[in-house]
Amino acid sequence: STGVYAVVPVKDLRGTKSRLAPVLDPGARAGLTLYMMGRVVGGIREAGIEDVCVVSPDRIVLEEAKRRGATPLLQESRGLNPALEEGRRRAMGLGASKLLVLPADLPLLDAEDVLAVLGETGGEPSVVIAPDGARSGTNALLIQPPDVLPFAFGTGSFEAHLGAARRRGLDVRVCERSHLAFDLDTAG
């Protein structure tokens, strides 16, 4: 898939998955985050996307990202949406025509899921959104061109992204797949 650049944001390992704190100690949580990130990066690469960028303030995450064939980008800002802006700037600087955003906490994601999102792409300008199981959050976002939509990840982001895309008159597709709907944040 030429011209598609993927961005995978990953939080600081020390703060990841705090909702699982009663069940998993910090080391186990960090291991789980790295495992899931590896799966997500692997799924994206298997789908034929050459450029996968992992944005994180955490150097251990970035080392692992590099080992998995992703480009590490040390996050300078704070928070998820600012991290994605850093990834977007990098992709646009390299001439990306489409930007795929996938969170790192999708333990079931595989190449077929990535291809399904890419396959939904309409004409330019367009947006493909995959909601989480509760249809509250966004678990995949594909935008072309890459600067056509502001990022609104977090609670209620599915409606926020949908609304922003419609207000801009973009061609919007919703991609619903079980693997994409299942993230570990909602698994508790």
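**Figure 1. Helix α4 and the elements that cover it.** The buried residues of α4 are covered by elements that include β1, α1 (26-46), β4, β5 (126-131), β6 (138-144) and α6. As with every view here, the model shown is predicted. Look along α4 and you will find A111, D113, V114, V117 and L118 buried. Viewed down the helix axis, these buried residues fall within an arc of 165 degrees, so they line one face of α4. A general point helps when reading this view: an α-helix has 3.6 residues a turn, so residues three or four places apart point the same way. Turn to the face of α4 that points away from the buried side, and you meet the exposed residues E112 and G119.

**Figure 2. A salt bridge from α4 to a loop further along the chain.** Here we stay with D113, one of the buried residues of α4, and look at its partner R177. The two form a salt bridge in which the closest N and O atoms are 2.8 Å apart. This pair links distant parts of the chain: D113 belongs to helix α4 (residues 111-119), while R177 sits in the loop between β7 (171-174) and α6 (178-181), 64 residues apart. How do the partners compare in accessibility, buried or partly exposed? D113 has a relative accessible area of 1%, so it is buried, and R177, with 30%, is partly exposed.

**Figure 3. Salt bridges around E64, and a pair at R173.** The structure holds 7 salt bridges, and this panel shows some of them. The side chains of E64 and R68 meet with a N to O distance of 3.0 Å. E64 is buried at 13% relative accessible area, whereas R68 is partly exposed at 36%. Which residues make up the salt-bridge network here? E64 and R68 are joined in it by R67. A separate close-up shows R173 with D171, a salt bridge whose closest N and O atoms lie 3.2 Å apart. In this pair R173 is partly exposed, at 28% relative accessible area, and D171 is partly exposed too, at 27%.

**Figure 4. The aromatic pair F151 and F153, with R88 over one ring.** How many aromatic pairs does a search of the whole structure find? The search gives 1. The ring centres of F151 and F153 are 6.3 Å apart and the ring planes meet at 45 degrees, so the pair is tilted. Both F151 and F153 are buried. While you are in this region, look for R88 as well: its charged end sits over the ring of F151, 3.9 Å from the ring centre.

**Figure 5. Strand β1 between two parallel partners.** This view follows β1 (residues 4-9), a mostly covered strand in which 6 of the 6 residues are buried. In general, the side chains of a regular strand alternate between the two faces of the sheet. Which residues of β1 lie on each side? V4, A6 and V8 are on one side, Y5, V7 and P9 are on the other, and all of them are buried, leaving both faces of β1 covered. Strand β4 (residues 98-101) runs parallel to β1 and is joined to it by 4 bridges. One place to find this pairing is Y5, which stands opposite L99 in β4. Strand β2 (residues 51-56) also runs parallel to β1, with 5 bridges between them. On this side, V7 has C53 of β2 as its bridge partner.

**Figure 6. Loop residues on either side of β2.** Our last view takes in two acidic residues, E50 and D58. E50 lies in the loop between α1 and β2, and D58 is placed in the loop between β2 and α2 (59-67). Their surroundings are worth viewing one after the other. E50 is exposed, with 73% relative accessible area, while D58 is buried at 9%. Which residues touch D58, leaving aside its neighbours within four places in sequence? D58 is in contact with K11, D12, L13 and R14. L13 also gives a reference point for E50: the C-alpha atoms of E50 and L13 are separated by 26 Å, and the two residues are 37 residues apart along the chain.

Conventions. Residues are numbered from 1 along each chain as its sequence is written. This is a predicted model: local features need pLDDT of at least 70, side-chain atom pairs count only at pLDDT 80 or more; totals for chains, interfaces and linings use all residues. Side-chain values use heavy atoms; hydrogens and water are left out. Rings of Phe, Tyr and Trp (its six-membered ring) pair if their centres lie within 6.5 Å; planes under 30 degrees apart count as stacked, over 60 as edge-to-face and the rest as tilted. Buried means under 20% relative accessible area, exposed over 50%, partly exposed in between (1.4 Å probe, protein chains only). A charge sits over a ring if NZ of Lys or CZ of Arg is within 6 Å of the ring centre and within 35 degrees of the ring normal. A salt bridge is a side-chain nitrogen of Lys or Arg within 4 Å of a carboxyl oxygen of Asp or Glu. Two strands pair if DSSP finds at least two bridges between them. The arc is that of the directions from the helix axis to the C-beta atoms. Contact means heavy atoms within 4.5 Å.
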